[in-house]
Structure formats: C-alpha cells, structure tokens
Amino acid sequence: MTTATAETETTAGRATANRGTPLVEMRNIKVAFGGVQAVDYVSIDLYPGEVMGLVGGNGAGKSTLMKALSGAHPPDSGEIRVDGERATIHNPRDAKRYRIETIYQTLALTENQDAPANMFLGRELKTRLGNLDDGAMEAATREVIARLNPSFTNFKSPVKALSGGQRQVVAIARAVHFNARILIMDEPTAALGPAETEQVRDLIRKLGHEGIGIFLISHDIHDVFDLSHRIAVMYHGKIVDIVNRQEVTADDVLGMIIMGKRPDEVTEEERASLH
C-alpha cells in the first residue's frame, strides 16, 4: 500500500523515482461548514504529468478539497505549495496566477457563443484600436484544438450545437491555451456516450504526456483505473488512503469508498458484500 508521497510509474512508462518537487502540495487542509468538517486535515500532492484520481461517495469532501486549491472556497487552515513555494490562494484569480485551471462538470461555457469566444471568455484579445481581434482569437483556438483533437471542425458553431465531447474539447483547450500546469477536472465524462468518453480520455492522456498534473474527480471507477496513476480515496472528509493504481483492484477502491477502510482492513465477508 502506498502513501501520498509514494513513488509510482506513469502509464507512459516513465519512471517516477526521484521525481523531485511536486507541482502541488496540500498539507493539513481543513474546511468546515458550521460544525461539519467537510475536509479534515487532508494532505495530498501531485507531480508533473501525473493523473491523481480523487474518489469518494457523495459528501466525502473531494470537491471541497479541490475548491480549496482552485480558490473557490479557501481552506480554514493548512498550507498549499506550488513548485515548493507557499501559495496564497484566496480566489480563482489567485489560482490562475499559479496556472491552476478548473474544468467543472457544467464546463462554464457560454451557450450562444462559438469556440473562440468561449476560449477567450473574460480574456479577449483586442486590436490596437481596442476592438475584439476575432481573427487572432480564432487562429489561436484552431492551433490549440488541432493539437488536442485534429478532427474538431466546428469553430463557428455556437457551443449549444456541439456534442458533449466537443464541449469538453473547448473547455480543455481554454485551460491549455492559458498555460495550465495544474488541472482540476470534475466528472469530465459524465453524460457522455462511449465514443465521446474515449475521446475525452485520450485528451487527458495527452495532457499528462505534456507534463500537466491533473486532479481527476470521478464517480466512474473505469475512468479512474484507465487514467489515474495514483488514486486518493476520501471518506467523511478524510483520506482513507492514496494508492498506486497498479497495486489495487476495483474492489479494493470500492471498499475504501463504501466502508472507509484500507484493503488490508477489509474482511472477506465485507469484500463479498460489495457484489
């Protein structure tokens, strides 16, 4: 069984021994809502090119933990470090300065605007005269999306006309264009069909190969096992364990999610009850 600082191997086959300084270190993070400890002194880290699966039942604290990193809900106590230096993150703008980007399940896209307008939403390019530089924004959008998904062609269509997988491409392209190094992805394949799910999985693998560190929040065990290098399981605001994906089974992870027990603590009877 591994710990938050255990050394693992990436799916690209790259050795991760002596990886050096993590991209992100979250230490003793605590978030309370009233008398409820939503996140209870949690520590976790993330390395370049790593996908860290973050799983747990509803209310386990995984989304709240990531909101602490994204600036959406700063922690009550604890420390966040980026590249080994203490980070001050009070809001999403602070997070972006540390090149932390979040892709929420809702994607935060403007339905009536096209891909370039969405990619530069709030960060539009202007001409010398102060007008929107539509040509430059479209060219940049085409360049980024071509790198991620060469088959994407709907640059002029409003987002509402795109499929779920195509919308994910736009949201991911926005993060990549603005030089995200740390990406938080919340249920990226929710409500997608099998073909589009596989497209999004391919995008996540490409991002990892480019050195981007990804926190992957998912209820889909298949996504977690296909994509993650390590898996962190939360239960009632605490980390049950952080394990190397290659060293555990789906039943091991399910046991942690449902019972809050590490695999070596689960009895045969309890394991049988998972089926």
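Buried, on this tour, means under 20% relative accessible area, exposed means over 50%, and partly exposed is anything in between. Keep that in mind as you click around, and remember that this is a predicted model.

**Stop 1: the whole chain**

Start with everything shown as cartoon. You should be able to pick out nine helices and ten strands. The radius of gyration is 19 Å, close to the 19 Å that the globule rule gives for 275 residues, so the chain is as compact as a globular protein of that length. Turn on the C-alpha trace and look down the principal axes: the spans come to about 65 × 40 × 40 Å. Colour by accessibility next, and 48% of the 275 residues will count as buried. As for contacts between residues at least 6 apart in sequence, 63% of them join residues at least 24 apart.

**Stop 2: a buried pair**

Select Glu50 and Arg230 and show their side chains. They meet in a salt bridge, with N to O at 2.5 Å. Glu50 sits in the loop between β2 (36–46) and β3 (51–55), while Arg230 belongs to strand β9 (residues 230–235), so this pair ties together parts that are 180 residues apart in sequence. Are the two partners buried or exposed? Glu50 has 1% relative accessibility, so it counts as buried. Arg230 is at 0%, which means it counts as buried too.

**Stop 3: from loop to helix**

Now select Glu111 and Arg167. This is another salt bridge, and the closest N and O atoms are 2.9 Å apart. Glu111 is in the loop between β6 and α3 (115–119) and Arg167 is in helix α5, so here the pair ties together parts that are 56 residues apart in sequence. Glu111 is partly exposed, its relative accessible area being 35%.

**Stop 4: along helix α6**

Move on to helix α6 (residues 194–209) and select Asp202 and Arg205. Their side chains form a salt bridge at 2.8 Å, N to O. The two residues are three apart in the helix, which means about one helical turn separates them. Arg205 is partly exposed at 26%, and Asp202 is partly exposed at 36%.

Don't stop at the pair, though. Add Glu198, Arg201, Asp223 and Asp226 to the selection: together with Asp202 and Arg205, these residues are linked in a network of salt bridges. If you want to hunt for others, the count for the model comes to 23 salt bridges.

**Stop 5: the largest pocket**

Switch on a surface and find the largest pocket, which holds about 340 Å³ of space. To centre your view, select Lys96, Glu101, Thr102, Tyr104 and Arg174, the lining residues nearest the middle of the pocket. The lining has 16 residues: ten nonpolar, two polar and four charged.

Which elements each supply at least two residues of that lining? They are α2 (92–97), β6 (100–103) and α5 (164–177). Of these, β6 is the one to colour, as it gives the most to the lining, with four residues.

**Stop 6: one last strand**

Finish in strand β10 (residues 238–244), where you'll find Asp241. This residue is buried, with a relative accessible area of 8%. Then draw a distance from Asp241 to Arg147, C-alpha to C-alpha: they are 35 Å apart in space and 94 residues apart in sequence.

Methods. Residues are numbered from 1 along each chain as its sequence is written. This is a predicted model: local features need pLDDT of at least 70, side-chain atom pairs count only at pLDDT 80 or more; totals for chains, interfaces and linings use all residues. Side-chain values use heavy atoms; hydrogens and water are left out. On a 1 Å grid over the protein atoms alone, a cavity is a set of points where a 1.4 Å probe fits but cannot get out, and a pocket is an open set with protein on both sides within 12 Å along at least five of seven lines; lining residues have an atom within 4 Å of a point. Grid points are joined across faces, edges and corners, and a volume is the space filled by probe spheres set on the points. Ala, Val, Leu, Ile, Met, Phe, Trp, Tyr, Cys and Pro count as nonpolar, Asp, Glu, Lys and Arg as charged, and the others, Gly among them, as polar. A salt bridge is a side-chain nitrogen of Lys or Arg within 4 Å of a carboxyl oxygen of Asp or Glu. Buried means under 20% relative accessible area, exposed over 50%, partly exposed in between (1.4 Å probe, protein chains only). The radius of gyration is taken over C-alpha atoms; the globule rule is 2.2 Å times the number of residues to the power 0.38. Contact means heavy atoms within 4.5 Å.
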